[in-house]
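Biologist: I would like to learn how to read a protein model. Please take me through it step by step.

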Amino acid sequence: GVLGQVTRVYPLTAEVTLLIDRNQTTPVLNTRTGLRSLAQGLPQNNGEQIELRFVQAHADTRTGDILTTSGIDGVYPPGLPVAKVLSVTNQGNSGFAQVLCQPMARPGHAMHVLVVTPQNPAATLEPQP
């Protein structure tokens, strides 16, 4: 599954912002329903969960649903496994549900990684002066 995004490159190494980082947001697609969402890291849960942001309380999201990259951002190709939904809890009167997910990739257990170049390299480049 998706482990994270390369955010800095050095001559012999690279820095990766993990999917479970609170500052990392990844566009995802629910493979069962086609619903698009944003997955964001949850560091307060031992760094092993992510949360779907802004999911409406009445959305058809269920425990066990599989999330993949949507490809909408041009960074990740569509269809890479991201996470599995662990729980869906309605948040009272807010109109949104709290959706907790288990990432498919386990950062602490990864021995090898595959670096995939973006579909649209211009989407990740900084503007030139």
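Biologist: In which sense do strand β3 and strand β6 pair, and over how many bridges?

Modeller: Start with the general idea. Strands of a sheet pair through backbone hydrogen bonds, either parallel or antiparallel. Keep in mind that the model here is predicted. In this model, strand β3, residues 25–30, pairs with strand β6, residues 66–69, in the antiparallel sense over three bridges. One residue to look for is Val28, whose bridge partner in β6 is Thr69.

Biologist: What elements does the protein chain have, and in what order do they run from the N terminus?

Modeller: The protein chain has eight strands and zero helices. From the N terminus on, the elements therefore read β-β-β-β-β-β-β-β, strands being DSSP runs numbered from that end.

Biologist: Which strands close into a barrel, and in what order?

Modeller: Six strands close into a barrel, and their order is β3-β4-β5-β8-β7-β6, with antiparallel pairing. From one strand to the next, the twist averages 40°. You can follow parts of the barrel pair by pair. Strand β4, residues 36–42, runs antiparallel to strand β5, residues 49–56, and five bridges join them. There, Leu42 stands opposite Gln49 in β5. Strands β6 and β7 also pair in the antiparallel sense, over three bridges. Leu67 has Ala83 in β7 as its bridge partner.

Biologist: How are β1 and β2 joined?

Modeller: A hairpin of four residues joins β1 to β2. Strand β1 covers residues 4–9 and strand β2 residues 14–18, and the two pair in the antiparallel sense over five bridges. Gly4 stands opposite Leu18 in β2.

Biologist: Next, the interior. How many residues are in the largest nonpolar core, and which touch the most other members?

Modeller: The largest nonpolar core has 17 residues, and those that touch the most other members are Ile50, Leu52, Leu67, Val82, Val99 and Cys101. Strands β5, β7 (81–90) and β8 (96–103) each supply at least two residues of this core. Take Cys101 as a case. Leaving aside neighbours within four places in sequence, Cys101 is in contact with several residues, including Ile50, Leu52, Leu67 and Val85. For the protein chain as a whole, buried residues make up 33% of the 129 residues.

Biologist: Is Ser37 buried or exposed?

Modeller: A relative accessible area under 20% counts as buried, so Ser37, at 12%, is buried. Ser37 is found in strand β4. Not counting residues up to four places away in sequence, Ser37 touches Thr26, Pro27, Val28, Leu52 and Val55. The C-alpha atoms of Ser37 and Leu67 are separated by 9.2 Å, and the two residues are 30 apart along the chain.

Biologist: Why does Ser87 count as partly exposed?

Modeller: Ser87 has 24% relative accessibility, so this residue falls between the 20% limit for buried and the 50% limit for exposed. The place of Ser87 is in strand β7. Leaving aside neighbours within four places in sequence, Ser87 is in contact with Thr63, Gln98, Val99 and Leu100. Arg62 is 25 residues from Ser87 in sequence, and their C-alpha atoms are 7.4 Å apart in space.

Biologist: How many aromatic pairs does a search of the whole structure find?

Modeller: The search finds one aromatic pair. A pair of aromatic rings is described by the distance of the centres and the angle of the planes. For Phe54 and Phe96, the ring centres are 6.1 Å apart and the planes are at 75°, so the pair is edge-to-face. Phe54 lies in strand β5 and Phe96 in strand β8, so the pair ties together parts that are 42 residues apart in sequence.

Biologist: Is Phe54 buried or exposed?

Modeller: Phe54 counts as exposed, at 59% relative accessibility. Phe96 is partly exposed, with a relative accessible area of 36%. Two further points concern Phe54. Arg53 lies over the face of Phe54, at 4.9 Å from the ring centre. The phi of Phe54 is near 60°, which is a positive value in a residue other than glycine.

Biologist: What share of the contacts join residues at least 24 apart?

Modeller: Among contacts in the protein chain between residues at least 6 apart in sequence, 48% join residues at least 24 apart.

Methods
Residues numbered from 1 in each chain as written. Predicted model: local features only at pLDDT ≥ 70, side-chain atom pairs only at ≥ 80, totals over all residues. Heavy atoms only, no water. Pairing = 2+ DSSP bridges. Axes fitted to C-alpha atoms, helices over the stretch in contact; angles between N-to-C directions. Core = buried A, V, L, I, M, F, W, Y, C linked by side-chain atoms within 4.5 Å. Buried < 20%, exposed > 50% of the residue type's maximum accessible area, 1.4 Å probe, protein only. Contact = heavy atoms within 4.5 Å. Phe/Tyr/Trp six-rings, centres within 6.5 Å; stacked < 30°, edge-to-face > 60°. Lys NZ or Arg CZ within 6 Å of the ring centre and 35° of its normal.
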